[in-house]
Amino acid sequence: ATLPPKLQAAVDDIEQQFDLPTDKLREITDQMLWEYNKGLSELPTDETRDTFVPMIPSYIQHIPHGKEKGTFLALDLGGTNLRVCEVELLGDSKWRMKQQKYRVSDALKVGDVTALFDYIAGSVDHFLTEIGTTASEDEKLHLGFTFSFPVAQTALAAGTLINWTKGFECKNAVGKDVVQLLQDALDRKHIHVRCSALVNDTCGTLMAAAYERGDCLCGGIFGTGTNGAYVESIDKLTKMGYQADELERNKEQGLDKMVVNTEWGAFDNERKVLPFTIFDSRVDRISINPRKQAYEKMISGMYLGEVTRNALLHLVDSQVLFNGFSSQSLNRHYGLDTAIMSALEAPFVPNSPQSGDALTAIRQVLTSELGISASLIDDADCLAAARISEVVGTRGCRLSACAIAATVRQTGGDARDWPEAKKIIFGLDGSLVEFYPRFEQRVRDALRELLGDEVQKRVDIVLAKDGSGVGAALCAQAAQAME
Ligand code: ADP
């Protein structure tokens, strides 16, 4: 299929807006490194909050090696569902897990925070009575709480909520200690569980990947939102105010590293380098958190489909796509789930004339998933729609690579004298990593441009699935071991 001239011109225009040449990628990565170092050395104030990424210390200083053992509970809040798990660490890099998902209603997401935590405690209660536990009855179960929102952590089991993201907007929560909120709710229901670790999902992903693979540098999420955590030297975490003798002592005790939760989703909220298009601005304006999470809104599952929807609507409104007609789904905010991008792009082969089968598959997605009437779609529409999805998604993948490249550079992974056999392991989780077609390939192409082929090859990307449950259990294990 070829595109009629007007459609071709309109698609070209969008492509150009979403294009990210190597120079631009470098500029973005440099800025990210600058923000990393600002965040490691300065605590944000109200004035500077949006000028650099928070770089939150996790207080996790023990990276698992795979021999850890015991039974722990894990709670995971911050994705699509609330998840309660019981994790049995077997001590040989393996685990067994029982889990149950609980739906968090939209009302709970924006209601009073006490209602949310009562619901969470109720879910733990339900899990313990209905799903059962393998741990002995007389011991208090330790729980690791994966809470995937920006938190100012003050200890392994204490931290206050900075702000909500991802569609949550509960009242009376910002500034409160979320461990205390959970423990109070558990205690109100007389549930024999102790929350002993507060874990960001990225830190959990890192811990789980380290338990499985050993020596993991960074845990990253590319799901509903995006964020990453990596292992940093404590002497670079200058905002923690360690004295020279403390640093020395920590080194002697093998505590010279700490996992840092970057909150890279908030990168460049000031829009210094990110390539905002009018479609991004629209997504941002109608979002629940305008002018926040700038980077996340170009990358993650919650928003990619919405950017694509806006770009497609632009073509419809320009009378060059679907004969100028839309559909209910395409008209609805968030009416194009990022999963639809995966479906559109799975049959699509970039830079090639599409086969008849591919066009049929794309047409099927447009009619069944987006509700576009079949009579409005010709081959050129199929080609254009898939191409727009690819353009938006490729920009997302290339931007994702900037965070990976910045983390490699920050930790010296681009050093010339790097041992040849040593890999830089990134444990990544999330639907985009798992399901989005050619995710790793697109990220790698950008990494090659940013770091060179030799360094790109050092980077190992492993799918660290379900890290938030196992990782939280590993943090609870670390907390228990320190008691
Ligand atoms: P979470 O980050 O919430 O724990 P996920 O990693 O499953 O969970 O991410 C969910 C997000 O991923 C949703 O925003 C959804 O739109 C998107 N998503 C779900 N399925 C797919 C898919 N097949 N391809 C791309 N994105 C997907």
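This note goes through a core, one helix and the ligand surroundings of the structure above.

1. The structure is a predicted model, in which local features need pLDDT of at least 70 and side-chain atom pairs count only at pLDDT 80 or more, while totals for chains, interfaces and linings use all residues. Residues are numbered from 1 along each chain as its sequence is written.

2. The largest nonpolar core (buried Ala, Val, Leu, Ile, Met, Phe, Trp, Tyr and Cys residues joined through C-beta atoms within 7 Å) has 111 residues, of which Ile120, Leu143, Phe145, Leu182, Ala197 and Cys475 touch the most other members. Buried here stands for 20 or more other C-beta atoms within 10 Å of a residue's own, with C-beta atoms placed from the backbone. Helix H14 (residues 379–410) gives the most to this core, namely nine residues.

3. Helix H5 (residues 178–188; helices are DSSP runs of H or I with at least four residues, and strands are runs of E with at least two) has Leu182 among its buried residues, along with Val178, Val179, Leu181, Gln183, Ala185 and Leu186. The cover over these buried residues includes helix H4 (113–131) and strand E5 (141–147). Leaving aside neighbours within four places in sequence, Leu182 is in contact (C-beta atoms within 7 Å) with Phe117, Ile120, Phe145 and Cys195.

4. Around the ligand there are 16 residues (C-beta atom, placed from the backbone, within 6 Å of it), and Gly79, Gly223, Gly301, Ser431 and Phe435 come nearest. Helices H10 (301–317), H12 (338–345) and H15 (431–435) are the elements that give two or more residues to this shell.

Note on methods. A residue is buried if 20 or more other C-beta atoms lie within 10 Å of its own, exposed if 12 or fewer, and partly exposed in between; C-beta atoms are placed from the backbone.
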